[in-house]
Amino acid sequence: QVQLVQSGGGLVRTGDSLRLSCTATGRAFSTYTMGWFRQAPGKEREFVAGINTLGRLSAFFADSVYGRFTIFRRNDKNTVYLEMLSPKPEDTAVYYCAADESGGSGSRYGVDYDYWGQGTQVTVSS
């Protein structure tokens, strides 16, 4: 069973940046497509960003965060990161990382991911 352990959440102000981390157990991290999702109060979980086995050149984003967030991975650390470079209050949510064991080009749908992190709260104040 793969476990994903997240860190880096908290309170951030508009104009600052925040980096979320997600570290996986096991030996197959480099074969996974990784994704970030978020869920705000009263809303459904939504896709934020993804990255497949090709690394940073494969990164893809929800329209709502395009140009404001980045995603990258360090396979040597079994870790994927979400960089919130220009957060807005609308980004306030619980953020989850997820792993798709099958790899592939990458999915924007949570159902395609096999393992999930515990979630971490991100609150953006203006």
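Two residues are in contact when their heavy atoms lie within 4.5 Å. In this predicted model, contacts between residues at least 6 apart in sequence were sorted by separation, and 57% of them join residues at least 24 apart.

The protein has 0 helices and 11 strands. Read along the sequence, the pattern is therefore an unbroken run of strands, β-β-β-β-β-β-β-β-β-β-β. The C-alpha trace spans about 40 × 25 × 25 Å along its principal axes. The radius of gyration is 13 Å. A compact globule of 126 residues would have a value near 14 Å, so the two agree. Of the 126 residues, 48% count as buried. The protein exposes about 6500 Å². Carbon and sulfur atoms supply 47% of that area.

Strands of a sheet pair through backbone hydrogen bonds, either parallel or antiparallel. Here, 4 strands form an open sheet in the order S1-S3-S8-S7. The pairing is antiparallel. Strand S1 (4-7) and strand S7 (69-74) stand at the edges. Each has a single partner strand, so one side of each is left without a neighbour in the sheet. The twist averages 15 degrees from one strand to the next.

The pairing of S7 with S8 was examined residue by residue. S8 covers residues 79-84, and the two strands pair in the antiparallel sense over 6 bridges. Arg73 stands opposite Val80 in S8. Thr70 has Glu83 as its bridge partner in S8. The hairpin of S7 and S8 has 4 residues between the strands. Asn78 lies in this loop. Its phi is near 55 degrees, a positive value in a residue other than glycine. Asn78 has a relative accessible area of 16%. The cut-off for burial is under 20%, so Asn78 counts as buried.

Side chains of opposite charge can pair when their charged atoms come close. The structure holds 5 salt bridges. One of them joins Arg19 and Glu83, with the closest N and O atoms 2.4 Å apart. This pair links distant parts of the chain. Arg19 lies in strand S3 and Glu83 in strand S8, 64 residues apart. The two residues differ in exposure: Arg19 is partly exposed at 43% relative accessibility, whereas Glu83 is buried at 11%. Glu83 thus appears both in this salt bridge and as the bridge partner of Thr70.

A second salt bridge is formed by the side chains of Arg38 and Asp91, at 2.8 Å from N to O. Arg38 lies in strand S4 (residues 33-39). Asp91 lies in the loop between S8 and strand S9 (93-100). The pair therefore ties together parts that are 53 residues apart in sequence. Both residues are buried. Arg38 and Asp91 also belong to a network of salt bridges with Glu46 and Arg68.

Another salt bridge joins Arg74 and Asp76, whose closest N and O atoms are 2.6 Å apart. Arg74 counts as partly exposed at 36% relative accessibility. Asp76 is exposed, with a relative accessible area of 59%. Arg74 falls within the span of S7, residues 69-74.

Ser17 offers a further case of residues distant in sequence and brought together in space. Ser17 lies in the loop between strand S2 (10-13) and strand S3 (18-24). At 46% relative accessibility, Ser17 counts as partly exposed. Ser17 and Ser86 are 69 residues apart in sequence, yet 6.1 Å apart in space, C-alpha to C-alpha. Beyond residues up to four places away in sequence, Ser17 touches Val12, Met84, Leu85 and Pro87.

Terms used
Residues are numbered from 1 along each chain as its sequence is written. This is a predicted model: local features need pLDDT of at least 70, side-chain atom pairs count only at pLDDT 80 or more; totals for chains, interfaces and linings use all residues. Side-chain values use heavy atoms; hydrogens and water are left out. Buried means under 20% relative accessible area, exposed over 50%, partly exposed in between (1.4 Å probe, protein chains only). Two strands pair if DSSP finds at least two bridges between them. Axes are lines fitted to C-alpha atoms, for helices over the stretch in contact, and angles run from 0 to 180 degrees between N-to-C directions. A salt bridge is a side-chain nitrogen of Lys or Arg within 4 Å of a carboxyl oxygen of Asp or Glu. The radius of gyration is taken over C-alpha atoms; the globule rule is 2.2 Å times the number of residues to the power 0.38. Accessible areas come from the Shrake-Rupley method with a 1.4 Å probe; for residues, only the protein chains shown count as cover.
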